[in-house]
Structure formats: C-alpha cells, structure tokens
Amino acid sequence: MGAACRIGLGLVGAVALTLAAAGVCAGELRATIGNVKPQQGKLWVALYDGTDAYRAERRFAGQILEASGTEVTAVFAGLPAGRYGVAVFQDRNGDSVLTTNLLGVPREPYGFSGGATGGAFGPPAFDAFALEVPDGGTVTTMVPLTE
C-alpha cells in the first residue's frame, strides 16, 4: 500500500485497511486508442502486467470495444500498483485474431501504449511500452494504431 493510502493505527488504521481492501487506493489506466477505422470491426485491448505474462500472451485483463469513432478509450480500473502495458489490434475481418501475412507481419491495425513500435522482426519488448500505475493514481496513455 502506498503512502497515500496509509493513515495510521487504531480505529483510523482499521478504516484505512477497509478502504484499501475495497479498492479505494486502486489505480486506473486510461488508454486512448487513436487512428481507429470507425465501424470496421472491434478493438481487442490486452493489458499485461509483466514481461513474462506478455511473452506468454497471458493477459492480466482485456476488453473488446466497438470501433465507434476515430478515437476510443479503454479504462482499466481497480488496478494494484505496478507496471502495465497495453496492446491493441483492430479486428477488421471479425475472426478474433490479429491477421498476419506469411512472414508474420500484421495485416490489421495494431498498437502499443505510448506509441511503442517493434523492430524489423517483431513487436516491442514489454519495457518499451510499460507504464507505472501508482496506488490511487490515474495514468493516461495514447495507443496509436498503425497498419
């Protein structure tokens, strides 16, 4: 629990623990996804909580959002303090997976928090798009989609 969530001992401390357990001190991550192709499929948003989870494609949380405009915001609330990264793709053909060509290059729009990009041979490392979410804080990031 961060300093902002610590209140003291006794009755006040018990109230603080109750509030922390209820998620009052939980963090929030807001990812605004840009360059969305409106009305062309859905946005698949994955939230990863570490390098190992990202490599294993094991999401901490996820959302499937309508591509309702050129910008769409995904909100992840109630997060414990820590490092998180957002990866998004726009499933324009409705097959629920990121479509790639024979070389594995994406054929649908995709993006990462902070606008991180990968190299010539794959996606960015987790550290390139990770964000620190503090106790009780809100972090915002842009995720520009590219093709």
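In the predicted model, Ile-33 stands opposite Val-143 in strand E8. This pairing belongs to the contact between strand E1, residues 27-34, and E8, which run parallel and are joined by seven bridges. On its other side, E1 is joined to E4 by six bridges, and these two strands run antiparallel. Within the E1-E4 pairing, Gly-27 stands opposite Leu-79 in E4. The three strands form an open sheet in the order E4-E1-E8, with mixed pairing. Its edge strands are E4, residues 72-79, and E8, each of which pairs on one side only. From one strand to the next, the twist averages 15°. Strands of a sheet pair through backbone hydrogen bonds, in either the parallel or the antiparallel sense.

The edge strand E8 spans residues 138-144 and has two faces, one covered and one uncovered. Val-139, Thr-141 and Val-143 make up the covered face. The uncovered face consists of Thr-138, Thr-140, Met-142 and Pro-144. Val-143, the residue that Ile-33 stands opposite, is thus on the covered face of E8.

The protein chain as a whole has three helices and eight strands. Along the sequence, these elements follow the pattern α-β-β-α-β-β-β-β-α-β-β. Of the 147 residues in the chain, 37% count as buried. Among contacts between residues at least 6 apart in sequence, 69% join residues at least 24 apart.

A further set of pairings involves strand E5. E5 is mostly covered, with nine of its 10 residues buried. E5 pairs with E2 in the antiparallel sense over seven bridges, and in this pairing Leu-43 stands opposite Gln-90 in E5. The pairing of E5 with E7 is also antiparallel and has four bridges; here Gly-85 has Ala-130 in E7 as its bridge partner. E5 and E6 are likewise antiparallel, over three bridges, and the bridge partner of Val-88 in E6 is Gly-111.

The largest nonpolar core has 21 residues, of which Leu-29, Ile-33, Leu-43, Val-45, Val-86 and Val-88 touch the most other members. At least two residues of this core are supplied by each of E1, E2 (residues 42-48), E4, E5 (residues 82-91), E7 (residues 130-133) and E8. E4 provides the largest share, four residues. A second, separate core comprises nine residues, including Tyr-54, Ala-116, Phe-126 and Ala-130. Ala-130 of this second core is also the bridge partner of Gly-85 in the E5-E7 pairing.

The surroundings of Leu-43 were examined with residues up to four places away in sequence left out. On this basis, Leu-43 touches Ile-33, Val-36, Gln-63, Ile-64, Leu-65, Glu-66, Ala-67, Val-72, Val-88, Phe-89, Gln-90 and Leu-145. Among these contacts, Ile-33 and Val-88 are, like Leu-43 itself, named with the core members that touch the most others. Gln-90 is the residue of E5 that Leu-43 stands opposite.

Eight aromatic pairs are present in the structure. One of them is formed by Tyr-48 and Tyr-54 in an edge-to-face arrangement, at 5.3 Å centre to centre and with 70° between the planes. Both tyrosines are buried. Ring pairs link Tyr-48 and Tyr-54 with Tyr-110, Phe-112, Phe-126 and Phe-129 into a cluster. Of the cluster residues, Tyr-54 and Phe-126 are also included in the second nonpolar core.

Ser-113 is found in the loop between strand E6, residues 110-112, and helix H3, residues 126-129. Ser-113 counts as buried because its relative accessible area is 1%, against a cut-off of under 20%. A polar atom of the Ser-113 side chain lies 2.5 Å from the backbone oxygen of Phe-129. Not counting residues up to four places away in sequence, Ser-113 touches Gly-85, Val-86, Phe-129, Leu-131, Thr-141, Met-142 and Val-143. Of these contacts, Thr-141 and Val-143 are on the covered face of E8, whereas Met-142 is on the uncovered face. Phe-129 is a member of the aromatic cluster, and Val-86 is one of the members of the largest nonpolar core that touch the most others.

Methods: Residues are numbered from 1 along each chain as its sequence is written. This is a predicted model: local features need pLDDT of at least 70, side-chain atom pairs count only at pLDDT 80 or more; totals for chains, interfaces and linings use all residues. Side-chain values use heavy atoms; hydrogens and water are left out. Buried means under 20% relative accessible area, exposed over 50%, partly exposed in between (1.4 Å probe, protein chains only). Two strands pair if DSSP finds at least two bridges between them. Axes are lines fitted to C-alpha atoms, for helices over the stretch in contact, and angles run from 0 to 180 degrees between N-to-C directions. Rings of Phe, Tyr and Trp (its six-membered ring) pair if their centres lie within 6.5 Å; planes under 30 degrees apart count as stacked, over 60 as edge-to-face and the rest as tilted. A nonpolar core is a set of buried Ala, Val, Leu, Ile, Met, Phe, Trp, Tyr and Cys residues joined through side-chain atoms within 4.5 Å. Contact means heavy atoms within 4.5 Å. A polar contact is a pair of N or O atoms within 3.5 Å; within protein, one must be able to donate a hydrogen and the other to accept it, and residues adjacent in sequence count only if both atoms are side-chain atoms.
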